[in-house]
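Visitor: Please take a close look at one loop residue here, and then place it in the wider setting.

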Amino acid sequence: MSLFTNGYQSRQDRRKYLERTLGLIAATLVLYWLGINFVKSPSQFFQASLIGLSNGVLYALIALGYTLVYGIIELINFAHGDLFMLGTVFSANFVAMWLGQEYLGGAQWGVFFVCLIAVMVFCGTLNVGIERFAYRRLRRAPKLAPLITAVGVSFVLQFVGLRWNGSGQKTWNSILPKGAFFVGEVRIPYTTIFSFAITVPILLLMSWIVTRTSQGKAMRATAQDQDAARLMGINVNRTISFTFALGGALAGAAGLLFQQTRGLTSYNLGYQLGLIAFTSAVMGGIGNLQGAVLGALLIGLIQGLNDGLPIGLGQQWSQTVVFSILILLMAFKPTGLLGKRVTEKV
Amino acid sequence: MAITLKKENKSKKIKATSHRKWTIGFLSAAAFIWVFYTYVLIRTPEGFQSVVQSWFPPTGLNEALVWVICALGLNIVVGYAGLLDLGFVAFWAIGGYSAGWFMSAFFHQANIHILTTANPALPGIHLSFWAVIFIGGLICAFFGIIIGAPTLRLKSDYLALVTLGFGEIIPQVFTNGENIAGFNMSNGTKGISPVDNIGVPGKALGPFDFSWKFAIFVLLTALMVFVSLRLRTGRLGRAWLAIREDELAASMMGVPLMRSKLAAYAVGAFSGGIGGVAFATHVNGVFADRFNFSISIILLAMVVLGGMGNVWGVMVGALLIAWINSTGLPAFGDLVNSTFNTSINFPSYNFLLFGGVLILMMLYKREGLIPESRLKAILHEADDATSNIGGSH
């Protein structure tokens, strides 16, 4: 950086310097806040971080759906959060149907994995259907059109959820083992371990599909340049459908995990969680898969720390904190943490 | 393109008289409705009165006008300048709370009375309704610029997201605003109620004085229509349309992008503020839990359904959706249920209705019910290309 040797040549340089200073100040303040909280009560600090991270992996699954779709057709799929919501409702009903009243013993794991497959297929198919009927025709239309359509789809899905789940919140029994073990004073529930154990292989599988298979290669090619990809013999429509299926399946998995670990469903769940997940995707740099996971873990962590620490704003400001981060990011670093700077098409 | 050019010419020719024409039409329609509700309705038979009360109650009419005012504001942002705003509820909320702050006994520490009809013994800040409309509008415009300035250089979909976040933050601030470092800013979920009456010469309008409020809301709507129409033909409006159609080309032609976009935001927010103040006087209070995302979406649906960029289209869309939302759908449901002896809960189909309207309009009639000719051309520019995609492979 020749910032200091050449002086401030242009507004761009000055702006960059200002941004860096502000960023440093913000980082210092955050570190200071974390520091005093840590000193005050280390166990609470770790507890809050753990809760935050276990939310974070859930956000990661949803955020990947956003980032995949944005990466390939540059559409903010507002309906994605509601797809996740339908996933929670589907898995709740599915598990309840199998489980009945009595305890199934070892068979519960079977039920769980059957449900995981079923919900992934369900949400994947639904997402492909949405793309086929609502978004495909608008692919070349001005940006505003598909975006408004996505908002419309989100409302329709919420209607389905409202019909299916009722207007209130429903609580369900979980088939995952209850209880927890303690490390020092920090309580670690088995469900947290379990959601990590489910999520990490799914994420690895995802990254394998995108980076190592020919379908993944087709996806990356289509994301770069649709016309060129078509000229190379890639079936663009099928590739986009596949991307939607992948994103939907991840949302379905997140739905099952959420329903099993929290034990509740509600028709308006998808909107809030979807927004948070999207914020994570943006934070990591939208279109970037690793970025989405990183952003989701960070957002989960921030939320967990804000809600759980002794000196914090508390849960009622949770949304405000997350969206303020979103707005600040958009203003100062729209490319996100890991995003590459691309030339703006205006 | 030739057809559109011809239309533009024609509109130029009648430009001199056009404002007089619509003003007379609009105001006479409003006067007709006013006379009907104040003088004719009470002289009609009982049965007819109750039908009118359940299908078109006067309160619903006033509320619909508030929606029209806000939708016209959103139309300037979305329809004219082509910037998607998904957080318009924030401006509605800020406008509402400015009425709560400056027209009620809420700030009991202060005791300020200026040109108001409120009881002078009452503590709090009491300003005239007409002043509060401007103050609320200005506060909203200020916030519009604050949120717009750092983010308007973003691409359109990012901008939509930032506005959405803003629309989430503001209501949460008001919901939690009971105790911000010891200061009660918004009275939390309890809200601020009642707000002062609207003072007109020689009279103070109580909360149930619908016909007078109707007249005032009609005037505010007329003001918004006038502003929208004038701005559109003016320098700023042409700059907005140019930006909407091609940002790069517009900036090459010397249109100041940032300034024009900010102006669109400020004007839109200003009208949101007016709507907020009007709504606060309509329901006689402000309540934080009313301000949620669905308001932003309903406003967007109004603009899209009516026809983005067309003032009359937006007005029709807003009146239609506001009516469906408040009394139309329940009244229609009652009618269907009593005729066919069913028990379908029609208002519960709200979500489906709005979602469906947005999707179907975007797929089949992107330009809205009453389209604006220029926008129609742009929105269908790419249709030939789209049909090509479907056919390949």
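Guide: Asn284(B) sits in the loop of chain B that joins helix 11 (257-283) to helix 12 (293-306); helices (H or I, at least four residues) and strands (E, at least two) are DSSP runs, numbered from the N terminus. This is a predicted model, in which local features need pLDDT of at least 70 and side-chain atom pairs count only at pLDDT 80 or more, while totals for chains, interfaces and linings use all residues. Residues are numbered from 1 along each chain as its sequence is written, and chains are lettered from A and ligands numbered from 1 in the order in which they are written.

The phi of Asn284(B) is near 60°, a positive value in a residue other than glycine. Most residues other than glycine have a negative phi. Asn284(B) counts as partly exposed because 15 other C-beta atoms lie within 10 Å; a residue is buried if 20 or more other C-beta atoms lie within 10 Å of its own, exposed if 12 or fewer, and partly exposed in between, with C-beta atoms placed from the backbone.

Chain A holds a residue to set beside it. Glu74(A), in the loop between helix 3 (42-73) and helix 4 (80-99) of chain A, has a positive phi near 55°. Glu74(A) is partly exposed, because it has 16 C-beta neighbours inside 10 Å.

The two chains also touch. In chain B, 42 residues are in contact with 39 residues of chain A, contact being C-beta atoms, placed from the backbone, within 7 Å. Among the elements that each supply at least two residues of this side of chain B are helix 6 (129-151), helix 7 (156-175) and helix 12. Helix 7 of chain B gives the largest share, 12 residues. By type, the residues on this side of chain B are 27 nonpolar, 11 polar and 4 charged; Ala, Val, Leu, Ile, Met, Phe, Trp, Tyr, Cys and Pro count as nonpolar, Asp, Glu, Lys and Arg as charged, and the others, Gly among them, as polar.

As for chain A as a whole, its secondary structure comes to 13 helices and 4 strands. Buried residues make up 46% of its 346 residues. Helix 12 of chain A is largely enclosed by the rest of the structure, because 15 of its 20 residues are buried. Of the contacts in chain A with a separation of 6 or more, 77% are between residues 24 or more positions apart. The C-alpha atoms of chain A fill a box of roughly 75 × 60 × 40 Å along the principal axes.

Notes:
Contact = placed C-beta atoms within 7 Å.
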